[in-house]
Amino acid sequence: MVKDLLGIVCSPRKFGNSELFIKELYRHLSGDWNLRLMRLPELDIRPCKACYACLFGEMRCRQDDDFSMALQALVECDAYVVAAPTYLLGPNASLKRFLDRGLAFYAHLDRLWGKPAVGVAIAGVEGMEGYTKLAVESFIRLTFGELRGTDAVYGALPGEIFLVGDGTVVAQRLAKALEEKREEVDPAIPHCPLCGGDTFRFLSGGRLKCMLCSSSGHYECSERGFEVHTLPGEHPLFLSYQDVERHARWLQGMKEKFLERRKELKAITQRYIQTGIWIRSKQKDEPES
Ligand SMILES: Cc1cc2nc3c(=O)[nH]c(=O)nc-3n(C[C@H](O)[C@H](O)[C@H](O)COP(=O)(O)O)c2cc1C
């Protein structure tokens, strides 16, 4: 049976490196696949309004834009690949804008959970991808995909990832991971034992935090090398299916909590109503209330 691969292009540049990388990866797939593509920056995906409506009742976002269509494409695909260009040391904002609407993912947990997914961070200057790879990994984990592999590839001009960078080799490798199994973790690189993340924040007292799954732990340097030990915190967001369900329930429970404490919270916000002068959009001039 033909399967659908969804290519999520996070660059506004037509025939740019992100788009070409996805198409190259598709060419290396050995199975029977269709490639469907979506370019996030050209879709009308507005900022989340934090109304939480997508967590209750019909569990649908109330905004009338392209988000539902994009989410549907993700829900329907068999696997996906995300390619994000680096803009100022992070991913193009379209990646985060889609992700910010992600409380709406919980309604589709069953169909989203565990889809094979890979991702790539593209950067114009070698080593200057900042946190783009981390953001791509975060995108895949928070859309409940099974993260099979990620990498960074370099090239500034459209197509240059295949000239100066190892775009073809990485595309081939990630195509294999997508069809077969998660790439082996390189034992020489410290990884979070819980999620496989390789980006950490170092804290005092030999402690650290994994920037992908937010688990805390400690590190040690021994003759075995640099070792990371982490434990899941109270709110793991995606380590297991049960974690996702638990977090969804916790979020839903916040409504009750809000209603219980409404008066108390209102009294706090009242104290700040008159403070500061807002710089407002020319299109909108809503009074603060
Ligand atoms: C606004 C802007 C900011 C950029 N910032 C960075 C950066 O911080 N680091 C980097 O290595 N490349 C940076 N680049 C270069 C792009 O990441 C690079 O050209 C990449 O190939 C673009 O991918 P695309 O062809 O898919 O659009 C920037 C490009 C733009 C347009």
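This passage walks through a predicted model, taking a parallel strand pair, the ligand site and an antiparallel sheet in turn.

Near the start of the chain sits a parallel pair of strands: β1, covering residues 3-9, lines up with β2, covering residues 33-39, and the two are held in register over 7 bridges. To pick out one rung of that ladder, L6 has R36 in β2 as its bridge partner. Getting from β1 to β2 takes the chain through helix α1, residues 17-27, and this β-α-β crossover is right-handed.

Helix α1 turns up again at the ligand, where it is one of three elements, along with β3 (79-87) and β5 (116-123), that each supply at least two residues of the surrounding shell. The biggest share comes from β3, with 3 residues. In total, 17 residues surround the ligand, and the closest are S11, N17, S18, T86 and G155. Sorted by class, the shell is made up of 9 nonpolar, 7 polar and 1 charged residues.

What does the backbone bring to the ligand? At T86, one of the closest residues, a backbone N or O atom lies 2.8 Å from an oxygen atom of the ligand. At L88, a backbone N or O atom is found 2.9 Å from a ligand nitrogen atom. V125 adds another such contact, with a polar backbone atom 3.0 Å from an oxygen atom of the ligand. As for how much of the ligand is covered, it has 640 Å² of accessible area on its own, and the protein covers 76% of that.

Further along the chain, the picture switches to antiparallel pairing. Four strands form an open sheet in the order β7-β8-β9-β10, with antiparallel pairing. Both β7 (200-202) and β10 stand at the edges with a single partner strand each, so one side of each has no neighbour in the sheet. From one strand to the next, the twist averages 35°.

Within this sheet, β8 (residues 207-210) runs antiparallel to β9 and is joined to it by 3 bridges. In that pair, K209 has S216 of β9 as its bridge partner. On to the next pair: β9, residues 216-222, and β10, residues 225-231, are antiparallel and share 7 bridges. Here G217 is matched with T230 in β10. The link between β9 and β10 is a hairpin that passes through 2 residues.

Put side by side, β1 with β2 and β9 with β10 show the two ways of pairing. Strands of a sheet can pair either parallel or antiparallel, through backbone hydrogen bonds. The β1 and β2 pair is parallel over 7 bridges, while the β9 and β10 pair is antiparallel over 7 bridges.

Methods. Residues numbered from 1 in each chain as written. Predicted model: local features only at pLDDT ≥ 70, side-chain atom pairs only at ≥ 80, totals over all residues. Heavy atoms only, no water. Pairing = 2+ DSSP bridges. Right-handed = clockwise from strand over helix to strand, strands pointing away. Near = heavy atom within 4 Å. Polar contact = N/O pair within 3.5 Å; in protein donor to acceptor, adjacent residues only side chain to side chain. Areas by Shrake-Rupley, 256 points an atom, 1.4 Å probe, with all protein chains shown as cover. Nonpolar A, V, L, I, M, F, W, Y, C, P; charged D, E, K, R; others polar. Axes fitted to C-alpha atoms, helices over the stretch in contact; angles between N-to-C directions.
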